[in-house]
Amino acid sequence: MNVVVFGAGSLGSLVGGLLARDPDHRVTLVGRAAHVERVRADGLRVSGELDATTRPEATTDGTGLRADLALVTVKAYDTASAAAALATGDVDLVCSLQNGLVEEVLEARLGDRVLAGTATYGAELVGPGHVRCTGVGAVRVGELDGGASERAERVARAFRAAGLDCTADAEMPRSRWEKLAVNAGVNAVTALARVDNGALRDPPGADLAARAARETARVARANGVDLADDRAVDALTEVVEATAANRSSMRQDVEAGRRTEADAINGAVADRGAAAGVETPVNRTLAALVRTWETENAGQGGERGDGCDDADGEPSG
Ligand SMILES: NC(=O)C1=CN([C@@H]2O[C@H](COP(=O)(O)OP(=O)(O)OC[C@H]3O[C@@H](n4cnc5c(N)ncnc54)[C@H](O)[C@@H]3O)[C@@H](O)[C@H]2O)C=CC1
Ligand SMILES: CC(C)(CO)C(=O)C(=O)O
């Protein structure tokens, strides 16, 4: 498959680097200058829980690209600009692996080429040309409205051919909201309290996170998605246990002084809840607290800490 990975930061570099292990795939990373230059010169190194050095192509220009599949791995707030860039090219399928409710943003610009996806691999960009795998997880892809899908199967086969764990999911709407419930419970709480995910195993963090996840399940049901409260809380509990030693992505953003994805996670739950007449006091409060922090602090961290600064590209939001 000819695959473009739009947003070669942590997750995009990991997934793109691993996909490039299959010589039958042609992989192109779209990223920032320092990272792109290093990948072109020395290849992409994957370390940590997986070990590989591969040679994907790399570019800073995401416009006019031709691909069978574009994986979108920018932060949620950069989704609209990624969609605009992809719309200038010739891409058959587009699949988000992001957190948060972003697929509708892609669909508005790119139409029914868009598949939904979730990823539980953990990734951290160490520096230009080098990404660390902090957790071997799994990828799910499927139709936004659910149902069996030949094109999702094709994408899943391409991932598996390169040794990634990937399933075509006929129940993608539920899987997507389940992942949202997990992120609604984990991300803002760990970012605000500055704790590892494992702190949510016990009260009071566990109770707060479970309330955010239950609210998300209620909003999902009001939006026609069959996600039971217990299933959302079980998913949360499993992820907290499996990632107990992790710094959540939102905590990493806050500690680095970067903008967060709170709008696409807790904010999206609160907004969809309001539209459907469902009260979401926990998600609304978490989103407001993170936004309050962002107003005073985000953007003051300067360096990304991985040497792959955004300063040489489009501003992030
Ligand atoms: N890092 C992880 O372990 C996981 C991340 N996710 C989700 O995946 C998404 C991406 O997360 P990360 O990889 O951690 O973020 P990241 O910030 O490390 O990577 C995004 C990259 O996209 C680049 N980018 C944005 N617009 C661009 C453009 N127009 N041209 C070129 N490059 C552009 C940014 O400069 C950045 O390097 C988020 O929604 C996150 O929640 C989901 C599962 C795991
Ligand atoms: C699964 C989890 C909560 C792992 O930390 C994550 O997706 C994130 O941090 O964004």
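**View 1. Residues 174-292 of the predicted model, a span that carries a domain annotation in UniProt.** Over residues 174-292 the chain is 69% helix and 0% strand, and the C-alpha atoms at the two ends of this span are 31 Å apart. The UniProt record, an unreviewed entry, lists these residues as "domain: Ketopantoate reductase C-terminal".

**View 2. Residues 3-145, the span of a second annotation.** In the unreviewed UniProt entry, residues 3-145 are covered by "domain: Ketopantoate reductase N-terminal". This span is 26% helix and 40% strand, and its end C-alpha atoms lie 23 Å apart.

**View 3. The contact between domain 1 and domain 2.** The protein chain is divided into domain 1, residues 2-170, and domain 2, residues 173-297, and the centres of the two, taken over C-alpha atoms, are separated by 24 Å. To the contact between them, domain 1 brings 16 residues and domain 2 brings 14 residues. On the side of domain 1 that touches domain 2, the elements that give two or more residues are strand E8 (114-119) and strand E10 (130-135). That side of domain 1 has five nonpolar, seven polar and four charged residues.

**View 4. The surroundings of ligand 1.** There are 31 residues around ligand 1, of which Gly-7, Gly-9, Ser-10, Gln-98 and Asn-99 come nearest. Helix H1 (10-19), helix H3 (79-87) and strand E9 (122-127) are the elements that give two or more residues to this shell. Divided by class, the shell around ligand 1 has 11 nonpolar, 14 polar and six charged residues.

**View 5. The surroundings of ligand 2.** Ligand 2 is surrounded by Asn-99, Val-182, Asn-183, Val-186, Asn-187, Asn-197, Val-239, Thr-243, Asn-246, Ser-248 and Ser-249. Helix H6 (residues 172-193) gives the most to this shell, with four residues. The shell around ligand 2 has eight polar and three nonpolar residues, and no charged residues. Asn-99 appears in the list for ligand 2 and is also one of the residues that come nearest to ligand 1.

**View 6. The loop between H6 and H7, with Arg-194 and Pro-204.** Most residues other than glycine have a negative phi, and most peptide bonds are trans. Arg-194, which has its place in the loop between H6 and H7, has a positive phi, near 55°. Pro-204 lies in the loop between H6 and H7 as well, and the peptide bond that leads to Pro-204 from Pro-203 is cis, with omega near 0°.

**View 7. The packing of helix H7 against helix H11.** Two packed helices are described by the angle between their axes and the distance between the axes. The axes of helix H7 (residues 205-222) and helix H11 (residues 281-297) come within 8 Å and cross at roughly 115°, which means that H7 is roughly perpendicular to H11. From H7, the contact is made by Leu-208, Arg-211, Ala-212, Glu-215 and Thr-216, while H11 contributes Val-282, Asn-283 and Leu-286. The residues of this contact of H7 with H11 divide into four nonpolar, two polar and two charged.

How values were computed:
Residues numbered from 1 in each chain as written. Chains lettered and ligands numbered in written order. Predicted model: local features only at pLDDT ≥ 70, side-chain atom pairs only at ≥ 80, totals over all residues. Near = placed C-beta within 6 Å. Nonpolar A, V, L, I, M, F, W, Y, C, P; charged D, E, K, R; others polar. Domains from an automatic or database assignment. Contact = placed C-beta atoms within 7 Å. Axes fitted to C-alpha atoms, helices over the stretch in contact; angles between N-to-C directions. Parallel < 35°, antiparallel > 145°, perpendicular 65-115°, else oblique. UniProt positions renumbered as here; feature names shortened; annotations may be inferred.
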